[in-house]
Amino acid sequence: MPLFNYYPPKHESTDPELEKKIFKHSLVFPSLFLLAFWLVFLVESTLNIEFATYGIYPLKAEGLKGILFSPFIHSGYKHLAANSIPFFVLSLALFYFYRKLAYRIFILVYFLSGLCVWLGGREAWHIGASGVVYGLASFLFFSGIFRNDVKLLTIAIIVVFLYGGMFWGIFPLKPGVSWESHLWGAASGLLLSIYYRNQGPQRPHFEWEDEPEEDDEEQTTFYTSTHTGKDYERKDEKND
């Protein structure tokens, strides 16, 4: 997509103008999705209709369409509001820090989490974007750890700080909540972070990492005996 083709061949993060441009482009996709969430909810509220039957119903052919449509459908204002902020923040972080991988990761999280719910969820209509939210949070957290980069690790820590409480959502603690969506979303993010750990942003490689380590072998020193006047050698172990 030309509109989103903003990642330069040789990106220099020190260029503030380029960073501003990338940040603006990173806002587009999350904003469009968030707008769609609220438009669907507005249509439901205004026309007094329900789209719950467009959600995921496990192992039923009629529930397959929910893999595509369920993230746009929410049970009420509180449900939508609870998903909107984390969805926007996490998807923005994905598109900004994982530029070349962002679309691939987002689409895979979107469909993998939904498909797994269809295959393994309980018999009920599963709706809402929380599966995608959990998938994004999981990917950002584990990917930051696996890549061992300070910047990406910082993002992982922020995710834990802001959304660490989401962890309990993967357990069936609250009736009426699709914990299966949370669980399979988180699992999808983890698997993708492992599979793509060698693609996308990587920890910078520094020249000093190529320098050989200091030789820990014994050093040989020559001394002259004050008694014999002859040279002799002594092996001293190098002190650390």
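This passage describes the fold, the nonpolar core, the empty spaces and some loop residues of one chain.

The structure is a predicted model, in which local features need a pLDDT of at least 70 and side-chain atom pairs count only at pLDDT 80 or more, while totals for chains, interfaces and linings use all residues. Residues are numbered from 1 along each chain as its sequence is written, and side-chain values use heavy atoms, with hydrogens and water left out.

The chain has seven helices and two strands, where helices (H or I, at least four residues) and strands (E, at least two) are DSSP runs numbered from the N terminus. Read from the N terminus on, the order of these elements is α-α-α-α-α-α-α-β-β. Of the 240 residues in the chain, 39% count as buried; here buried means under 20% relative accessible area, exposed means over 50%, and partly exposed lies in between, with a 1.4 Å probe and protein chains only. The accessible surface of the chain comes to about 15,200 Å², and 62% of this surface belongs to carbon and sulfur atoms, the areas being obtained by the Shrake-Rupley method with a 1.4 Å probe, and for residues only the protein chains shown count as cover. Among contacts (heavy atoms within 4.5 Å) with a separation of 6 or more, 70% join residues 24 or more positions apart.

The largest nonpolar core, a set of buried Ala, Val, Leu, Ile, Met, Phe, Trp, Tyr and Cys residues joined through side-chain atoms within 4.5 Å, contains 40 residues, of which Phe33, Phe37, Phe87, Leu90, Leu94, Ile105 and Phe106 touch the most other members. At least two residues of this core come from each of α1 (16-47), α3 (77-97), α4 (102-120), α5 (130-147), α6 and α7, and α3 gives the most, with eight residues. When residues up to four places away in sequence are not counted, Phe37 touches Pro71, Phe72, His74, Leu80, Phe87 and Ala129.

Empty space was examined on a 1 Å grid over the protein atoms alone, where a cavity is a set of points at which a 1.4 Å probe fits but cannot get out, a pocket is an open set with protein on both sides within 12 Å along at least five of seven lines, and lining residues have an atom within 4 Å of a point. Grid points are joined across faces, edges and corners, and a volume is the space filled by probe spheres set on the points. The largest pocket has a volume of about 590 Å³, and of its 26 lining residues, His79, Ser130, Val177, Ser178 and His182 are the closest to its centre. Helix α3 gives the most to this pocket lining, with four residues. The structure also holds one cavity of 30 Å³ or more, and the largest cavity has a volume of about 100 Å³. Of the 15 residues that line the largest cavity, Ile56, Ser70, Ser113, Gly128 and Gly131 lie nearest its centre, and the largest share of the lining, four residues, comes from α4.

Most residues other than glycine have a negative phi. Asn48, although not a glycine, has a positive phi of about 55°, and Leu59, also not a glycine, has a positive phi of about 60°. Asn48 lies in the loop between α1 and α2 (66-69) and is exposed, with a relative accessible area of 71%; Leu59 is placed in the loop between α1 and α2 and counts as exposed at 57% relative accessibility.
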